[in-house]
Amino acid sequence: MHLIMILNALAVAWWLRSSWNQPQGNWSRRWQRSLFLFLFPPLLIFMTAIAVLFMGPQGQMGGMYTGSISYLLALIYLAFFAISCIKLAFQGWQSVESARNCPLVNVGDRPARLLQTGALFAGQIGFWQPELVVSQGLVQTLSPAHLESVLAHEQGHHYYRDTFWFFWLGWVRSCTAWLPNTESLWEELLALRELRADCYAALQVDPLVLAESLLLVVSSSPVLSEICCAALGSSGADRLEQRVEALLAPSEATPEAQLQSWHGFLLAFLPLVSVMFHS
């Protein structure tokens, strides 16, 4: 019976991920739909494994005997989740330590770590309390107005705690790479994350100046690890046109997660109810 539960969870997860298609609708709708399709399938599988683990390798459920194979599968999958989390946390810690080795300077009125490179880079690096990291090339190349727009964008990442939340989303990505459309949904979430920070910055600086800064930074940013890092150009050049258009259309809604959009995730906890029917 436990094996049937696992197979059902896998089938539902595969079907939901396969339903992903090209993003449509406004930014808020795209954010909610992408986040649901990205998170719900692995959450359903995770909760099913937890339920099987709680019920144990022996007993009956619905008049059917359970075996140790499903219990072992659930244990292996949960161990894989744990190992992946530890690995990503270690890599994130290395990124944070590397950033802290950079000298601390004041850029505008903000403290920041100065990266000794001529490339144009600005990003938040860390977990819940990330630090602003800027490159020497960025400070020397951009005008004060463009530099201020970049800093405002990074403040948006700090405001929304993007480094913290996307660390966990990156963990989900690494654990469910075998599911369909994982990379497509990940890229969509990255683009929407950058759009949200763009919208935050556009309330403080001229959107046109921010768009110009975006063109400069994205075209020359080095490829860095995405773990615990939220940078101006991290969504890539392929999403650049969408971001520039959004900056020039301030009436477009900012992709905020709404409370009612989280209700659907409660269905992923249904496998836990099956524990009551196990004997």
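Me: Before reading how the chain folds back on itself, what does contact mean here?
Reply: Contact means heavy atoms within 4.5 Å. In this predicted model, residues 24 or more positions apart account for 74% of the contacts that have a separation of 6 or more. The secondary structure that goes with this comprises nine helices and seven strands.

Me: How many residues does the chain have, and what share of them is buried?
Reply: The chain has 279 residues, and 48% of them are buried. As for the surface, the chain exposes about 13,700 Å², of which carbon and sulfur atoms supply 65%.

Me: How is empty space found in a structure, and how much of it lies in the largest pocket?
Reply: Rolling a probe the size of a water molecule over the atoms shows where empty space is left. Here the largest pocket holds about 620 Å³ of space, and 21 residues line it, with Leu35, Leu39, Trp165, Leu169 and Trp262 lying nearest its centre. Helix H2 (27–55) and helix H6 (162–175) each supply at least two residues of that lining. By class, the lining has 18 nonpolar and three charged residues, and no polar ones.

Me: How many disulfides does a search of the whole structure find, and why does Cys85 not form a bond with Cys175?
Reply: A disulfide is a pair of cysteine sulfur atoms within 2.5 Å, and the search of the whole structure finds zero. The closest cysteine sulfur to that of Cys85 belongs to Cys175, and because the two are 7.9 Å apart, they are too far for a bond. Cys85 is buried, with a relative accessible area of 18%, and Cys102, at 12% relative accessibility, also counts as buried.

Notes: Residues are numbered from 1 along each chain as its sequence is written. This is a predicted model: local features need pLDDT of at least 70, side-chain atom pairs count only at pLDDT 80 or more; totals for chains, interfaces and linings use all residues. Side-chain values use heavy atoms; hydrogens and water are left out. Helices (H or I, at least four residues) and strands (E, at least two) are DSSP runs, numbered from the N terminus. Buried means under 20% relative accessible area, exposed over 50%, partly exposed in between (1.4 Å probe, protein chains only). Accessible areas come from the Shrake-Rupley method with a 1.4 Å probe; for residues, only the protein chains shown count as cover. On a 1 Å grid over the protein atoms alone, a cavity is a set of points where a 1.4 Å probe fits but cannot get out, and a pocket is an open set with protein on both sides within 12 Å along at least five of seven lines; lining residues have an atom within 4 Å of a point. Grid points are joined across faces, edges and corners, and a volume is the space filled by probe spheres set on the points. Ala, Val, Leu, Ile, Met, Phe, Trp, Tyr, Cys and Pro count as nonpolar, Asp, Glu, Lys and Arg as charged, and the others, Gly among them, as polar.
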